[in-house]
Amino acid sequence: MPEQFLWTIEVFLNGLMAGVLYALVALGFVLIYKASGIFNFAQGVMALFAAMTLYGVMNGQVPFAHLINAVFGTEIHYFGWNLPAILSIVLTMVVMILLAWLVQRYIFRYLVGQEPIILFMATIGLAYFLEGVGDLMWGSDIKTLDVGLPQGINLWIDETTFNFFGYGFFIDNLDIVASIVAALLVAGLVIFAQYTKQGRAMRAVADDHQAALSVGVSLNFIWILVWSLAGFVALVAGIMWGAKSGVQFSLSLIALKALPVLMLGGFTSIPGAIVGGLIIGVGEKLFEFLIGAPYLGGATENWFAYMLALLFLVFRPQGLFGEKIIERV
Amino acid sequence: MLYREAGDFSTTYSQDSQTFPIRFDRWRYYAVLFVAIFVIPFMVNDYWVNSIFMPFLIYSIAAIGLNILVGYCGQVSLGTGGFMAVGAYACYKLMTAFPDVSMFIHVLLAGGITAGVGVLFGLPSLRIKGFYLAVATLAAQFFLVWLFNRVSWFYNYSASGQINAPERDTFGILITGPNTEAWATYLFCLIFTVFSAVVARNLTRGSVGREWMAIRDMDIAAEIIGVNPLRAKLTAFAVSSFFVGISGALFFAVYLGAVEVGEAFGITKSFLVLFMIIIGGLGSIFGSFAGAAFLVLLPVLLKVVGVDWFGWPTDIVAHLNLVIVGGLIVIFLIVEPHGLAQLWRLAKEKLRLWPFPH
């Protein structure tokens, strides 16, 4: 079998894995968008914030240590404990729920009924705010998050493919774990939305705010719930990305990558987010490998997704799975 | 008492349709221009020009440009940084290719080229809007930055990949390069800022501006009353990109002098200019100035207070800056969606009735 072909398959598989991570972020967007019509630009920063908080809690960092030290001239940095990963994740989740409550209570309660674009800009403001708060709380240095996920090359796949094709595929264990987690997460969310009382209420709110309100669904509670769920998804995405490339500012930029994913998949569809993520992940890796690196000087991953989304928009504006909105201007 | 239209009679149509119908406003405008042209250049030094006046003037142009697109025509753009980069690189190529031509012409041509690119990326706006358009402009942002990074023709094959502004003059006065005088660069930027503001103000008052606003308010209705959406949207993209291109050219050639594209014209620049017009006021020329002034002064102020007075580390102050800007955006959107310009308008309304408010 020709080497070029095998490499392409390897790139394809790696793209699939990267796509899963994009899909994880996009999932958070879809959840909030469906229930409240808010396009949450801060999702990426929430992932960053969650990862930073998790790291801080695990290593017993004192929140706002830098600020306190600067203002009062003290020298405190650590509480001096190291918590197990599971406990830290639970504590971080508590923080994310608190955040969801704060966001709902102090920002979006006042913006109900505003135009979508105003809400979008409010989330951009929230993103900046959260980024600043995260840096102030935990410091802006690059952290390596390690919650005990397996990392490095998967030897079994390497060996098997080597015996089979004469060329070992390089696939990261972390990506495999991420794919499994993403699959579980999606299954969990779908079950939650379909079969639980709160899930049904959530879908009712997504369908029609007023109708849901009139049959006794508390909008406020549902929105807090949705933001908490988005916080949970952000936490998972933050753990995966944090383990992959370190907890740092660039983490928040994956939110931007989620935009074209949503364009492809449609804003309102959970399976769409997954499929869109996979298409973008595979597409940009393959494009870089086959066309970008040899002919265009590389680093095409920066813009390929957006261009793909742009082309896609012209022909199918509602995305692959989105609800069709007919509008002609 | 001074701020009244009473007693100010218009006897011709041109008087009736002037920009500032109230006499006090007119005099205030002339006074500001007078101070800006004849007083400030003699008082400023390098620090003032480089940290306050020049960024303010240049960002004002960019904010006016973006405000035309977002505030007047309602098309959200996140590609400002990319379009500024187009202006900067166009200016650089022109400066190196035609060393003898005046800088004024280079900057204007750079704006023209950016307008062309803007129209190209504005084409999708005919089919999509809202977030979808925002993503389309995001594509412009990332693609353009990548293009200027990778294609070495744009930076004349220099080894560092940076572009450096060579020394160029206008009427014998140095405008770019390391040996410029503070007042010369200040005045050069000021001319373009005043030019942009006057042109933008008059465009938005005229038929073109009304078409934009009709499209913004309700595109279907606008089409029915005879506004051509194709023309309105594309002119908005062209005019907006023209100003943004000018500001990019000035930002590179006059203000920074040397530019690395990803750093100077990245996505953060797009957001910065967008924040300026949100805080300043969407759909207001004065708002563009107010927003630019606010976001240029805030970091300077925080730095003076935080670093120089309290002696905090600079990174904490930078993070505080993020928190404050983000918080302000949210507060403005909740409390005063029309920004600082609306506060100004309210103040003027109060002033007209003062001292008898009823």
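Helix α3 of chain B, residues 46-72, has a kink of about 35° at Phe53(B), shortly before the proline Pro55(B). The bend at a residue is the angle between axes fitted to the seven residues ending there and the seven starting there. Helices (H or I, at least four residues) and strands (E, at least two) are DSSP runs, numbered from the N terminus. The model described here is predicted: local features need pLDDT of at least 70, side-chain atom pairs count only at pLDDT 80 or more, and totals for chains, interfaces and linings use all residues. Residues are numbered from 1 along each chain as its sequence is written, while chains are lettered from A and ligands numbered from 1 in the order in which they are written.

Of the 27 residues of α3(B), 20 are buried, so this helix is largely enclosed by the rest of the structure. A residue is buried if 20 or more other C-beta atoms lie within 10 Å of its own, exposed if 12 or fewer, and partly exposed in between, with C-beta atoms placed from the backbone. Ile68(B) belongs to this helix and is buried, with 32 other C-beta atoms within 10 Å. Leaving aside residues up to four places away in sequence, Ile68(B) touches Cys73(B), Ala200(B), Ala236(B), Val239(B) and Ser240(B). Two residues are in contact if their C-beta atoms, placed from the backbone, lie within 7 Å. The C-alpha atoms of Ile68(B) and Leu328(B), which are 260 residues apart along the chain, are separated by 22 Å.

Several residues of chain B have a positive phi, as the table sets out.

| Residue | Phi | Place |
|---|---|---|
| Gly74(B) | about 75° | just after α3(B) |
| Asn156(B) | near 50° | loop between α6 (131-150) and β1 (163-164) of chain B |
| Tyr157(B) | about 60° | loop between α6 and β1 of chain B |

Asn156(B) is a residue other than glycine, and Tyr157(B) is likewise not a glycine. Asn156(B) is exposed, with 12 other C-beta atoms within 10 Å. Tyr157(B) is exposed as well, with 8 other C-beta atoms within 10 Å.

Chain B meets chain A through 37 of its residues, which are in contact with 42 residues of chain A. On the chain B side, the elements that give two or more residues are α6, α9 (219-224), α12 (267-280) and α14 (314-335). Helix α14(B) gives the most, with 13 residues. By class, this side of chain B has 28 nonpolar, four polar and five charged residues. Ala, Val, Leu, Ile, Met, Phe, Trp, Tyr, Cys and Pro count as nonpolar, Asp, Glu, Lys and Arg as charged, and the others, Gly among them, as polar.

Chain A contains 13 helices and zero strands. Its radius of gyration is 21 Å, close to the 20 Å that the globule rule gives for 329 residues, so chain A is as compact as a globular protein of that length. The radius is taken over C-alpha atoms, and the rule is 2.2 Å times the number of residues to the power 0.38. Along the principal axes, the C-alpha atoms of chain A fill a box of roughly 60 × 60 × 40 Å. Of the 329 residues of chain A, 44% count as buried.

Within chain A, helix α7 (residues 173-195) has buried residues Asp175(A), Ala178(A) and Ala182(A). These buried residues pack against α1 (3-36) and α10 (219-245) of chain A.
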